[in-house]
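Colleague: Got a minute to walk me through this model? I'd like to go through the helix packing and then the strands.

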Amino acid sequence: MQFTHHISRLVVFLTLVFLAIAPGAPALAEGQSFFSSIISPEQEARMGREQHPIILKQFGGAYEDPALNRYVTSIGELLLRTTETPNAAFTFTILNSPVVNAFALPGGYVYVTRGLVALADNEAQLAGVLAHEIGHVTARHSAQRYGQSMAATIGLTFLGLLAESKELNQVAGLGANLFLKSYSRDHEFEADKLGLIYMSRAGFSPDGMTDFLGNLKAHDELQKKLIGQGGFDPLMGLLSTHPRTVDRVERAYAAAHVSPPPDPIIARDVYLQQIDGLLYGDDPAQGYVRGQSFIHPLLKIRFEVPEGFILTNAEEAVIARNKSGARIIFNAAQRPQGQNIDAYLTRTWFPNQQLGDMETINVNGFPAVTATARVETDDGIMDLRLIAIAYDAALVYRFMFVSPPRETSALNMEFRRTTYSFHTISDVEAAAIKPLRLVIETVESGDSIEEFASRMPYETYRLERFKVLNGLSKGGEAYLGNKVKLVVE
Ligand SMILES: [Zn+2]
């Protein structure tokens with residue numbers, strides 16, 4: 001969670017809409033969608049340029065490691081030289097996010113998260129991800145997709161704007177960027193096919209693509225176990241934006257009519273050397289999710305959410321969801337100078353809304369105010385419990401508890417507990433929370449998978465985590481002289 005406003009995103013959306021519906025658009029070619037036909041490559045490049053800073057903001061910024069960035073870019077460039085547009089200007093970025101994802105914007109912006117870089121086990125696997133994303137760009141999928149979903153989204157964006165409430169947008173599920181939406185199966189197939197052609201031309205083992213998909217499946221399965229059944233956030237993962245199976249990638253390979261290069265590049269040791277020391281999990285500047293707790297060591301605050309709620313640390317807010325569709329949205333905001341906390345709630349945060357049960361409370365020493373509301377969202381009627389905590393003269397911390405009406409009374413006590421769990425932490429407590437890092441070790445005699453796993457700083461699923469990280473979920477051993485990845489504090 002960081003202090004940001006996403007008005008800028010609205011401005012970009014609106015700008016793009018006016019740009020796309022400009023008069024004088026050429027007639028449609030048969031089979032071409034309305035929007036893709038009127039978005040020129042120049043406009044695509046502009047879209048990419050405009051969206052790039054927004055993507056950076058949503059995913060914790062670029063991961064600042066010049067050597068690793070050069071390395072990832074060099075693999076991307078190598079693939080790019082084999083495409084239909086070898087001289088196009090591409091920008092490859094590692095995002096400072098622990099989730100495992102990759103995506104592309106029109107105009108040649110390709111992203112991989114550091115969570116994905118950590119999960120990939122060799123150069124060929126990373127090349128497979130980059131080649132697939134480059135395929136989406138060269139086939140101009142993003143521009144087509146953008147056009148198709150734009151009309152539907154713009155009405156909602158206006159609604160969000162009129163409601164003057166960022167949280168209502170989040171309640172309505174509008175937080176996700178258009179470019180992060182799922183590709184169609186046809187687009188996935190084409191991106192795989194193109195990606196496999198590029199990989200093969202550049203000399204990489206095409207197995208890298210399916211091997212990484214295998215690691216990803218194992219990773220997703222473990223995530224599901226870690227956060228409970230049904231709680232997996234489908235917006236967060238690579239398989240949700242790029243719905244694929246090993247079987248479909250293999251069919252794309254057959255359709256690509258390429259043969260594997262002689263002596264294909266896999267480059268495991270080179271790759272592992274490059275990612276040695278990589279930041280793993282949450283970045284301290286964004287705060288940490290630790291089980292049911294959210295802890296921000298720089299803001300020095302902490303709170304707990306009830307069992308059954310899955311915490312995710314998104315850019316605009318910390319969001320926890322449970323199976324029945326209830327949500328807890330936590331973020332920070334600025335209070336206008338001199339405005340008391342009651343007025344803040346009714347005039348600034350939720351103006352023009354009918355609020356009930358307004359009450360002044362004290363949350364661990366901080367003056368606070370609470371109220372309820374009932375709103376209509378895309379998911380139906382929802383009850384809101386709002387809490388505004390006056391942290392100081394300017395800063396407000398806010399909880400918005402969202403529940404389907406049938407769940408509201410059952411969750412009432414849990415939401416209270418979360419409210420009163422909000423407290424500040426000491427410098428000592430803040431300093432005690434260390435970021436995790438990936439280290440590479442060489443297997444020596446007497447080492448075992450179990451022994452390596454036992455050194456990982458987790459309370460549960462240590463062995464499973466070690467196996468997923470090292471691509472050993474489907475079997476395999478830590479052989480003498482081999483290198484392995486470990487997460488350490
Ligand atoms: Zn894809």
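**Helices and strands, one by one**

Modeller: Let's start with α6 and α9, which are oblique to each other. Keep in mind that this is a predicted model.

Colleague: Why do α6 and α9 count as oblique?

Modeller: Their axes come within 7 Å and cross at roughly 120°. Angles from 65 to 115 degrees would be roughly perpendicular and those over 145 roughly antiparallel, so the rest of that range is called oblique. That is why the label for α6 and α9 is oblique.

Colleague: Which hand does the crossing of α6 and α9 have, and what classes of residue make the contact?

Modeller: From α6, the contact includes Ala127, Gly128 and Ala131, and from α9 it includes Ala191, Leu194 and Gly195. By class, the contact has seven nonpolar, seven polar and two charged residues. As for the hand, α6 passes α9 in a crossing that is right-handed.

Colleague: And α4 against α6: at what angle do they pack?

Modeller: Helix α4 covers residues 66–80 and helix α6 covers 123–138, with their axes 9 Å apart. They too are described as oblique to each other, and their crossing is right-handed. The packing angle is about 55°.

Colleague: Which residues of α4 meet α6?

Modeller: On the α6 side, the partners are Glu123, Leu126, Ala127, Leu130, Ala131 and Ile134. By class, this contact has eight nonpolar, one polar and one charged residues. The α4 residues are Ile75, Gly76, Leu79 and Leu80.

Colleague: On to strands. Is β9 buried or exposed on its two faces?

Modeller: Strand β9 spans residues 318–321, with Val318 and Ala320 on one side and Ile319 and Arg321 on the other. Both faces are covered, and these four residues are all buried.

Colleague: Which residues pair with Arg321 of β9?

Modeller: β9 pairs in the antiparallel sense with β8 over four bridges, and four bridges also join β9 to β10, again antiparallel. β9 and β10 form a hairpin with five residues between them, and Gly325 in the turn has a positive phi of about 95°. Opposite Arg321 stands Ile310, and in β10 its bridge partner is Arg327.

Colleague: Last one: which strands stand at the edges of the sheet β4-β16-β17?

Modeller: This is an open sheet of three strands with antiparallel pairing. Two bridges join β4 to β16, with Leu279 partnered by Arg437. The edge strands each have a single partner, so one side of each is left without a neighbour in the sheet: they are β4 and β17.

Technical notes
Residues are numbered from 1 along each chain as its sequence is written. This is a predicted model: local features need pLDDT of at least 70, side-chain atom pairs count only at pLDDT 80 or more; totals for chains, interfaces and linings use all residues. Axes are lines fitted to C-alpha atoms, for helices over the stretch in contact, and angles run from 0 to 180 degrees between N-to-C directions. Angles under 35 degrees count as roughly parallel, over 145 as roughly antiparallel, 65 to 115 as roughly perpendicular and the rest as oblique. A crossing is left-handed if the near helix is turned anticlockwise from the far one by less than a right angle, and right-handed if clockwise. Two residues are in contact if their C-beta atoms, placed from the backbone, lie within 7 Å. Ala, Val, Leu, Ile, Met, Phe, Trp, Tyr, Cys and Pro count as nonpolar, Asp, Glu, Lys and Arg as charged, and the others, Gly among them, as polar. Two strands pair if DSSP finds at least two bridges between them. A residue is buried if 20 or more other C-beta atoms lie within 10 Å of its own, exposed if 12 or fewer, and partly exposed in between; C-beta atoms are placed from the backbone.
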